[in-house]
Amino acid sequence: MTGPITTELHDDVLVIISNNPPVNALGAAVRQGLEAGIKQGLANPQVKAMVIRCDGRTFFAGADITEFGKPMQEPGLPTVVDMIEASDKPVVAAIHGTALGGGCEVTLGCHYRIAVPSAKIGTPEVKLGLLPGAGGTQRIPRIAGVKLALEMTAKGDPIPAKLALSAGLIDRLAGEDSLVADAIAFARDIADTKPLPRARDKVAQADPDAVAAFKKDNAKRFRGFEAPAANIACVEKAADGSSFDEGIAFERQEFMKLMMGVQSAAQRHIFFAERQAAKIDGIDPKIALREIKRVGVIGAGTMGGGISMNFLSAGIPVTIVEMAQDALDRGAGTIRKNYEASAAKGRLKPEQVEAAMGALNPTLDFEALAECDLIIEAVYENMDVKKDIFTRLDAIAKPGAILASNTSYLDIDEIASVTKRPGDVVGMHFFSPANVMKLLEVVRGAQTEDDVLATVMALSKTIKKVAVVAGVCDGFIGNRMLKPRQVEAMKLLMEGATPEQIDKVHVAFGMPMGPFQMSDLAGVDIGWHRDPNRIENIRDALAAEGRWGQKTAKGFYDYDEKRNPTPSPRVAEIIEDFRSKSNLQKREISDEEIVEKTLYTMVNEGALILEEKMAQRASDIDVVWIYGYGWPVYRGGPMFWADTEGLKTIVAGLEKHGFAVAELLKSKAESGGRFNG
Ligand code: 3HC
């Protein structure tokens, strides 16, 4: 046999082997090879049983997503899975790494499954806006029950081999290093079993209470998404007395509906966008990286503490520096408290908490940073302060150490200019809470060395961040695009909209919160303390009255003790006051106008960012907004969303309100182009 599938005959057991790097995706050649392999096993009288296994780092990680949206080449995956299941010679799946999606479904077509203890199996299709479309929604409930099937399909998180074993999704655990031999031995053990266990022959018990509880518990998580409901409906179908074939027909119909929809296209876009973001244009992917054995963090406040936790959790020791003992103690105390809270929720073992804390060196001694390979400055946003810190760092940091600033707005080149090693300086803009938010903007200064950038991008993967390269400009990618949204939202208040109306439009769009809810969470007083006598706008007026947001129980909204917001009559008065001072007439503002002014302007800013080459590609901008600001993934990020709205529509909306339209946006709209693809 040629192609990615080969076979090996071990006396009476035929081993069918896939070798399709990097993740053994089930593309057409793999499917054809599997079909041929099974036929070979069936035709050879010497063969009593078959084993399917994969070479490389993982068992099949699913259908080949790059084939989606293109004409399907025969045989389709459902046909292959059915053929395996129909075999009258037993077929054993030998699983290592992650058996995901179609890969998991191949195992469910097999009569038996053996896995190494470190393996995981799951159906993450829902994260691509899909459902398991090769029988997974019908076979999992028949083997493991409705409850686990709901978890696996509608949430999409893979489960460890041990849990799969107890649920019947795996029959036996192999030795971690002896999967092939153990699988062949297992195949011999069960070679004469009659009748063969087939998932399609099993009956799933309906569990309406479990379904109702599952829907209720996950209502918030599923808000706005189409795929979870489709997964749930398919699992219910598996247990409602319908035949297996009826269930499969229903699954196919729902799968095709999702596959043709915008949401799945958006979610697939983000899957590839996230991986694309890691690639740096113009830098050899094999460039030698700098070694990062210890990280230094300057500032033990909320940001510095959160940043430190990323490295500690990844097993990288951290030296954290503060100016005063009480601030240092508070910072280290907060880190411990956060870890202990995770341990209390069962997410960490007590020894992991101690290991992380043991790797933390809190100190008042700035010179201790001399032993660090990467030093991240995380003090407040003030250019003079940052310049002072970088001057001192330059004097003590070891040669080759990477000097990073966590600034969210300031000019990295200006910061770098005070050092004698501007090539070692880079921006690492974490998002708050820094130990939770997945986004990292990596800011490439004019002189940042290629290996510095590549090292930081690679390190971001180690600390489980999604990193995006940004150029030096005010607010980089994310905050720069946030600005027009905030400015326009404030103008709309002056013209007659309420905070509630604007926030409602954004939440209905799928954002976790609207602009004013976000201000209240972040602090209405940000930036105001520098000049507390200034009352130039509504925001200043709120800050001056102590309406600093959630932390003072009042901001754009009033909050009760459980932080539930209600519209504030006082805020309405303040807005009215500013409106009359500006001689503005209150008018009705439509939801459509809110979308055009607060979201279309973001797309326009995104186009400017691309024009100025401050982002490498449109999909990077999408990644920033999905992972940094909670843009709904089913809308694929602002630039993908603009493509789906139609760029002509966006341009028309902007022009209607008199905005200057970015050239790139205009030209793409005129030529019928798109930002993505
Ligand atoms: N199809 C095509 N390409 C895939 C792929 C897939 N299913 N899964 C991963 N890749 C590609 C990635 O795009 C990446 O390509 P690149 O190197 O050119 O950027 C490369 O494989 C390596 O992937 P990762 O960087 O993600 O590698 P990791 O080791 O970090 O993660 C993984 C491995 C856990 C398997 C992860 O890649 C993953 O989660 N893959 C997707 C799994 C999935 O969603 N499966 C379901 C597919 S849909 C389906 O099966 C439908 C069926 O029900 C009919």
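Me: So helices here are DSSP runs of H or I, at least four residues long and numbered from the N terminus. Which helix does Leu542 lie in?
Reply: Leu542 lies in α22, which covers residues 538-544. Keep in mind that this is a predicted model.

Me: Fair enough. How does the model score on pLDDT, ipTM and pTM?
Reply: The protein chain averages a pLDDT of 96, and 100% of the residues score at least 70. The ipTM is 0.98 and the pTM is 0.94.

Me: Back to Leu542: buried or exposed?
Reply: Buried. The cut-off is 20 or more other C-beta atoms within 10 Å, and Leu542 counts as buried because it has 26 C-beta neighbours inside that distance.

Me: Which residues does Leu542 touch, leaving out those up to four places away in sequence?
Reply: With those left out, Leu542 touches Val524, Arg547, Gly555, Phe556, Val571 and Ile574.

Me: And what separates Leu542 from Thr6?
Reply: Their C-alpha atoms are 70 Å apart, and the two residues are 536 residues apart along the chain.

Me: Let's switch to the domains. What does the assignment give?
Reply: The protein chain is assigned domain 1 (5-260), domain 2 (295-473) and domain 3 (497-581). The centres of domain 1 and domain 3, taken over C-alpha atoms, are separated by 51 Å.

Me: How many residues are in the largest nonpolar core, and which have the most contacts inside it?
Reply: That core has 177 residues, and Val51, Val92, Ile375 and Val442 are the ones with the most contacts inside it. Helix α25 (residues 618-629) gives the largest share, eight residues.

Me: Where does this core lie relative to domain 1 and domain 2?
Reply: Between them, because domain 1 (5-260) and domain 2 (295-473) both give residues to this core. Apart from it lies another core, of 18 residues, and Leu542 is one of those, along with Leu492, Val571 and Ile574 among others.

Me: What does Val51 touch, again not counting residues up to four places away in sequence?
Reply: Val51 touches Val13, Val15, Ile16, Val92, Ala94, Ala183, Ile184 and Ala187 on that count.

Me: Now the ligand. Which residues come nearest to it?
Reply: Of the 26 residues around the ligand, the nearest are Ala61, Gly62, Ala63, Gly101 and Gly102.

Me: And how does the shell divide into nonpolar, polar and charged?
Reply: It divides into 14 nonpolar, eight polar and four charged residues.

Me: Which elements each supply at least two residues of that shell?
Reply: Strand β5 (98-100) does, and so do the helices α3 (102-109) and α12 (262-277).

Terms used. Residues are numbered from 1 along each chain as its sequence is written. This is a predicted model: local features need pLDDT of at least 70, side-chain atom pairs count only at pLDDT 80 or more; totals for chains, interfaces and linings use all residues. A nonpolar core is a set of buried Ala, Val, Leu, Ile, Met, Phe, Trp, Tyr and Cys residues joined through C-beta atoms within 7 Å. A residue is buried if 20 or more other C-beta atoms lie within 10 Å of its own, exposed if 12 or fewer, and partly exposed in between; C-beta atoms are placed from the backbone. Domain bounds come from an automatic or database domain assignment. Two residues are in contact if their C-beta atoms, placed from the backbone, lie within 7 Å. A residue is near a molecule or strand if its C-beta atom, placed from the backbone, lies within 6 Å of it. Ala, Val, Leu, Ile, Met, Phe, Trp, Tyr, Cys and Pro count as nonpolar, Asp, Glu, Lys and Arg as charged, and the others, Gly among them, as polar. pLDDT is the predictor's confidence in each residue, from 0 to 100.
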